[in-house]
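Subject: Structure handover and findings

Hello,

Here is the structure for your files. My notes on it follow below the entry.

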Amino acid sequence: MSDNGFSPNPRSPAPSEPAPPAPAPAQPEPPARRRWYQFVGPAIFALFCIELGVLLVLAPWLDLYDRNVYQFVAPAWRPFLLSHHFRGGLSALGFLNFLVALNELIDLARSRSSKP
């Protein structure tokens, strides 16, 4: 008993009462099986990134790029658009697209290998 006459734990269980049962541990649900359309979307996106990457890597260095329509719309931009620095920047964007496609394909392969 404490100084004020009250017990510190007034609702303590009586010794004859059984303890309540412990809750059962939650069973994790198995991951849901992925549908076919959940693979097609990332695969099409990876294919798009590969195609865009090929275009951005190769197109700035072709002769066709020298006759770009944007050079005729804004002739003042012609030296900038034909500079090797700008062409290299476009090629770098193409390589980044390859990396994005590779990442998508790796994620797709991992999700396929971890199916239930």
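Arg87 is found in helix α4, and I start there because several of the findings meet at this residue, which counts as buried at 9% relative accessibility, under the 20% limit. Please keep in mind throughout that the model is predicted.

Arg87 and its surroundings

Which residues is Arg87 in contact with, leaving aside its neighbours within four places in sequence? They are Pro60, Trp61, Tyr65, Asp66, Leu81 and Leu82. Two of these contacts can be described further. The side chain of Arg87 reaches the backbone oxygen of Pro60, at a distance of 3.2 Å. With Asp66, Arg87 forms a salt bridge in which the closest N and O atoms are 2.4 Å apart. This pair links distant parts of the chain: Asp66 sits in the loop between α1 and α2 (69-73), Arg87 belongs to helix α4 (residues 84-113), and 21 residues separate them.

The two partners of the bridge are not covered alike. Asp66 has a relative accessibility of 28%, so it counts as partly exposed, since that class runs from 20% to 50%. Arg87, at 9%, counts as buried. As for the number of salt bridges, the count comes to one.

Aromatic rings

The structure holds three aromatic pairs. In one of them, the rings of Trp77 and Phe80 have centres 5.9 Å apart and planes at 75°, so the pair is edge-to-face. In another, Phe80 pairs with Phe86 in a tilted arrangement, with 4.9 Å from centre to centre and 50° between the planes. Ring pairs thus link Trp77, Phe80 and Phe86 into a cluster.

Are the two Phe residues of this cluster buried, partly exposed or exposed? Phe80 has 43% relative accessibility and counts as partly exposed. Phe86 is also partly exposed, with a relative accessible area of 25%.

Nonpolar surface patch

Ile50, Val54, Leu58, Leu62, Leu64 and Leu105 make a nonpolar patch of about 520 Å² on the surface. The largest share of the patch comes from helix α1 (residues 37-58), which supplies three residues. Leu58 is a residue of helix α1.

The chain as a whole

The secondary structure of the protein chain comes to four helices and zero strands. Read from the N terminus, the order of elements is α-α-α-α. The protein chain has 116 residues, and 17% of them count as buried. Its accessible surface comes to about 9,800 Å², with 67% of that belonging to carbon and sulfur atoms.

On contacts, what share of those between residues at least 6 apart in sequence joins residues at least 24 apart? In the protein chain, the figure is 72%.

To go through the model by eye, the salt bridge between Asp66 and Arg87, the ring cluster of Trp77, Phe80 and Phe86, and the nonpolar patch that includes Leu58 are the sites covered above.

Regards

Key. Residues are numbered from 1 along each chain as its sequence is written. This is a predicted model: local features need pLDDT of at least 70, side-chain atom pairs count only at pLDDT 80 or more; totals for chains, interfaces and linings use all residues. Side-chain values use heavy atoms; hydrogens and water are left out. Patches are made of residues with over 30% relative accessible area and no salt bridge: like charges are joined within 9 Å, nonpolar side chains (Val, Leu, Ile, Met, Phe, Trp, Tyr) within 5 Å. Accessible areas come from the Shrake-Rupley method with a 1.4 Å probe; for residues, only the protein chains shown count as cover. A salt bridge is a side-chain nitrogen of Lys or Arg within 4 Å of a carboxyl oxygen of Asp or Glu. Helices (H or I, at least four residues) and strands (E, at least two) are DSSP runs, numbered from the N terminus. Buried means under 20% relative accessible area, exposed over 50%, partly exposed in between (1.4 Å probe, protein chains only). Rings of Phe, Tyr and Trp (its six-membered ring) pair if their centres lie within 6.5 Å; planes under 30 degrees apart count as stacked, over 60 as edge-to-face and the rest as tilted. Contact means heavy atoms within 4.5 Å. A polar contact is a pair of N or O atoms within 3.5 Å; within protein, one must be able to donate a hydrogen and the other to accept it, and residues adjacent in sequence count only if both atoms are side-chain atoms.
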